[in-house]
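Subject: A structure to look through

Hello,

I am passing on the structure we talked about, and I would suggest keeping it open beside this message while you read. My notes on what was found follow below.

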Amino acid sequence: MEPWETREWFAEYLDALNRHDLEAVRGFLHPAVRRAHLPAGAEAWIADLAELQHGFPDWQWKRIQLLVEDERLAVHLRGGGAHTGPFAHVGPTRRRVNIASFAMFRVEKGLIAEASGTDDAEQIRAALL
C-alpha cells in the first residue's frame, strides 16, 4: 500500500474500533496475528477488545500521530471512556479513564500481521485501582 492508502486504511480500522464493530475489526486482522507479550491470533485480539467494550461501553480512540514506512505503522493514540462494567477483574467504578497508547503494526496484504506496543489493559487497570 502507498502511504496515503495506509492512512486511509488505518482511519477505517480506527472507525471500526470506535463503532465497537468487532466483526469489522476482525476484517483488519490476519487470523494468526502475532502480538508481543499477548496471546496470538485474531480471536484473542477480538476477545480483548470485547472485554474493553464491556467494561467501557463508551470507549473511544483518537489518533494523535501515525507514521508509515513501507508495511510498518507507528501509531500514537489516546483512548478513554467511563468504567461502567467489569474490566480485568475490577467491578465498575464509574471512573473516567484516559490513556496514551503507542503501537507498531506490520501490515501484510491489508491485514495486521504483527503488533507490539504499550500494554493498554495494564494501563487501564492501573488507572482503576
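Please keep in mind throughout that this is a predicted model.

I would begin at the start of helix α4, where a side-chain oxygen of Asp119 comes to within 3.3 Å of the backbone nitrogen of Ala121. Helix α4 itself spans residues 120-128, and among its residues Asp120, Ile124 and Leu128 are buried. These three lie on the same side of α4, because the arc that they cover around the axis is only 75 degrees. It helps to recall that an α-helix has 3.6 residues a turn, so residues three or four places apart point the same way. The elements that cover the buried residues of α4 include α3 (42-55), β2 (60-69) and β4 (96-108).

The next thing to look at is the sheet, an open one in which 5 strands follow the order β1-β5-β4-β3-β2, with mixed pairing. Its edge strands are β1 (29-35) and β2, each of which pairs on one side only. On average, and with direction ignored, neighbouring strands of this sheet are turned by 25 degrees against each other. If you follow β2 and strand β3 (residues 72-82), you will find that they pair in the antiparallel sense over 9 bridges, and that Gln60 stands opposite Gly80 in β3.

Two helices can then be placed against these strands. Helix α3 lies across β1, β2, β3, β4 and β5 (111-117), and runs at about 80 degrees to β1. Helix α4 also packs on the sheet, where it touches β2 and β4, and its direction makes about 175 degrees with that of β4.

Turning to the interior, the largest nonpolar core has 36 residues, of which Phe10, Val25, Trp45, Phe105, Ile112 and Ile124 touch the most other members. Helix α1 (residues 3-19) gives the most to this core, contributing 6 residues. Trp45 is worth selecting on its own: leaving out residues up to four places away in sequence, Trp45 touches Tyr13, Val25, Leu29, Val33, Arg35, Phe105, Ile112 and Ala115.

Finally, is Ala40, in the loop between β1 and α3, buried or exposed? Ala40 counts as exposed, because its relative accessibility is 51% and the cut-off for exposed is over 50%. Apart from neighbours within four places in sequence, Ala40 is in contact with Val33 and Arg34.

Best wishes

Notes:
Residues numbered from 1 in each chain as written. Predicted model: local features only at pLDDT ≥ 70, side-chain atom pairs only at ≥ 80, totals over all residues. Heavy atoms only, no water. Buried < 20%, exposed > 50% of the residue type's maximum accessible area, 1.4 Å probe, protein only. Helix = DSSP H or I, 4+ residues; strand = E, 2+ residues; numbered from the N terminus. Arc of directions from axis to C-beta. Contact = heavy atoms within 4.5 Å. Polar contact = N/O pair within 3.5 Å; in protein donor to acceptor, adjacent residues only side chain to side chain. Pairing = 2+ DSSP bridges. Axes fitted to C-alpha atoms, helices over the stretch in contact; angles between N-to-C directions. Core = buried A, V, L, I, M, F, W, Y, C linked by side-chain atoms within 4.5 Å.
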